[in-house]
Amino acid sequence: MTVEEEIVEITLRSLAVSGLATLLAAAAGIPLGLFLGLARSRGRDMLTGVFRGLMSMPTVALGLVLYVIFSRSGPLGVFRLLYTPLALVIGQALLVFPIGVSITAETCTALSSRVRELALTLGADERGATAAVVRESLGGIMLAVSASFSRAVSELGVALMVGGNLEGITRVLTTSIALETTRGEVVLGLALTVVLLSIMVVFNVVLRSAEQRIRWWLWQ
Amino acid sequence: MAVIQLRSVTVHFGPTRALSDVDLEVRRGELLSVLGPNGSGKTTLLRVVAGLLQPSDGTVLLDGTPVSRDTLHGLRQRVTMVFQRPVVFGTTVFNNVAYGLRRRGLSESEVAVQVEEALRLVGLDSLSTRHARSLSGGEQKRLSLAMALVTQPELLLLDEPTAYLDAEGADMVWRLVESLRGTGTGIVVATHDLLGMTPLSDRAVFLRAGHVVSTREAHGHVMDGLAAIDVVAPERNVYHGHARLLPGSSTGPYRALVQIAPSVTIEALAHHGGEVRVSVPPEDIALSVTPVISSARNSLHGRVVGVERHGDLAVVSVDVGVVFNTLVTAESLARLDIREGTAVYVTFKASSVRVYSAGAGTGGGDMHDQS
């Protein structure tokens, strides 16, 4: 396999693993974030605070906890997940889940009372008002997806601890950059870094464009 | 006949009591002014009337029937509120105005016609395809008005309707309000800017610290902001007086001496002499215990006759021959050791004095203070 082919393979793996992790985290985190943003209970602030705190969880700490859980003697050892792409997906999904919840909840909370009251006074019923708040939270939801993917694709700790950087199996862009740099292949490391940054930029441009289309569609 | 009635309505926000035992009725087709300083409960009152806030205590009646959870949506379909701070949806101007019509199930062709008409009324017809959030604050305020007007509410609630607007925008709002008179649409205008309020009210209600402290009725006549201001005259330092223009500049406004009591004459800027009404905003008056050397043209010596604390602020009443109310921070109050009986100076600029023709606003006919 040529170096170019190897870079393409690693890049595609990174995209697949982090994309799937973001998708899983968003599927659970965004509804939970909307629920917390719309809820008017006392426990909401506390829960939102917890998720905000978890946003900055060190990746190696999460990687270590998952390593213990996935290892043969761990509670999920029977599934033999350690050093598999699935372990990577689960680890990254757990890492970015609080980001999706937090950003969505914060956006929704900030908009909730004003947009809800506007919709109600213009004649919407309670369900219509809630739909209006969710629709207005779209920017925050897309930001949550963007931040989640960026964090997942650029993290190193979980990928190293539960992925193991196995060539052709769990090697992703960040673990490759770390490996090539320690090998003295700084130029290759830099090339991979450019690829990583390009992915993040392109992903966010595409997401921004998608947001505008979704917004247009929601108002049709 | 009353559309909405509030009976003994009280609203708590945690330990804070925003409205206390308020009784009020809003009649069909009338223009009711709700006046009062910031924080007096005007917005809370409007939100209760709009069905956006449930009272902690008391009853809201719609056409004489208590509003329940089941009838709340019906109330909101008939009453529309325009918020002080404009709130718009993140879409085009057109979609924003169309929102209320679509909720009412109108066809898209009807929606298009009515949206166009509403935008024309507020002068935004050329901006219908623009993103609403790209508009200026004043334009968003106009848009908010169009969003409400297009729903043709039975009762339109305007919270500080001229906030964020320039003079031209404010004129447009008052013209719109005037144009709705006689159409059967009831209008409630809440404002703290009493002198900036120009629509002719049928009634005025004054709120202070969540209480309705005074209600004034024009009894078949109408009254403007200046007539309504009599309700709160002592708080806003409003006095009748006689103005004498001083020789000097050839174009107005002219320096003028206004005698507001036998022993009290203040300097102001006026366009004409004769009988006038003057107002000195309490927040524009500086209080000191020694004479102040400054550019301010008015410095009057008197004695403190009252101190009323409101959180971090205090209203200090000073008798200089007439009583001036001044607004100072609690910190200044403590630093200057001001208490009842303290000899003080009240100082304000001639340009802080607002001068109005004494005739303006007195056409309210037979008005009765019901406080």
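A residue counts as buried when its relative accessible area is under 20%. With that cut-off in hand, Lys42(B) is an easy call: at 5% relative accessible area, this residue is buried. The model it sits in is a predicted one, and what follows walks through its two chains, their contact and a few of the salt bridges.

Start with chain A. Nine helices and zero strands make up its secondary structure, so read from the N terminus the element string is simply α-α-α-α-α-α-α-α-α. Along the principal axes, the C-alpha atoms of chain A fill a box of roughly 65 × 40 × 25 Å. Of its 220 residues, 48% are buried, and the chain exposes about 10,900 Å², with 70% of that supplied by carbon and sulfur atoms. Among contacts in chain A with a separation of 6 or more, 74% come from residues 24 or more positions apart.

Chain B mixes its elements: there are nine helices here too, along with 21 strands. Buried residues account for 52% of its 371 residues. The accessible surface of chain B is about 16,400 Å², and carbon and sulfur atoms hold 50% of it. For contacts with a separation of 6 or more in chain B, the share from residues 24 or more positions apart is 68%.

Now for the place where the chains meet. Chain A puts 18 residues into the contact and chain B puts in 26. Together they bury about 2,000 Å², 57% of it on carbon and sulfur atoms. On the chain A side, Thr121(A), Leu122(A) and Trp219(A) supply 36% of the buried area, more than any other three residues. As for polar links, seven residue pairs are in polar contact between the two chains, counting pairs with both residues at pLDDT 80 or more. The elements of chain A that give two or more residues to this side are α4 (85–121) and α5 (126–136); α4(A) gives the most, with seven residues. By type, the chain A side splits into eight nonpolar, three polar and seven charged residues. Three salt bridges cross the interface. One of the salt bridges in the model pairs Glu126(A) with Arg76(B), with 3.5 Å between the closest N and O atoms.

Over all chains, the structure holds 24 salt bridges. Back to Lys42(B), then: its partner is Glu160(B), and the closest N and O atoms are 4.0 Å apart. Glu160(B) lies in the loop between β7 (155–159) and α6 (167–180) of chain B, while Lys42(B) belongs to helix α1 (residues 42–49), so this pair ties together parts 118 residues apart in sequence. Glu160(B) is buried as well, also at a relative accessible area of 5%.

Glu267(B) turns up twice. Its salt bridge with Arg255(B) has its closest N and O atoms 2.8 Å apart, and links strand β12 (residues 254–261), home of Arg255(B), to strand β13 (residues 264–270), home of Glu267(B), across twelve residues. Glu267(B) is buried at 7% relative accessible area, whereas Arg255(B) is partly exposed at 38%. The salt bridge from Arg297(B) to Glu267(B) has a closest N and O distance of 3.2 Å. Arg297(B) sits in the loop between β15 (286–288) and β16 (298–310), 30 residues from Glu267(B), and is partly exposed at 49% relative accessibility. Elsewhere, Arg28(B), Asp63(B), Arg78(B) and Glu154(B) are joined into one network by salt bridges that share partners.

Conventions
Residues numbered from 1 in each chain as written. Chains lettered and ligands numbered in written order. Predicted model: local features only at pLDDT ≥ 70, side-chain atom pairs only at ≥ 80, totals over all residues. Heavy atoms only, no water. Contact = heavy atoms within 4.5 Å. Buried area = accessible area lost by both parts, 1.4 Å probe. Salt bridge = Lys/Arg side-chain N within 4 Å of Asp/Glu carboxyl O. Polar contact = N/O pair within 3.5 Å; in protein donor to acceptor, adjacent residues only side chain to side chain. Helix = DSSP H or I, 4+ residues; strand = E, 2+ residues; numbered from the N terminus. Nonpolar A, V, L, I, M, F, W, Y, C, P; charged D, E, K, R; others polar. Buried < 20%, exposed > 50% of the residue type's maximum accessible area, 1.4 Å probe, protein only. Areas by Shrake-Rupley, 256 points an atom, 1.4 Å probe, with all protein chains shown as cover.
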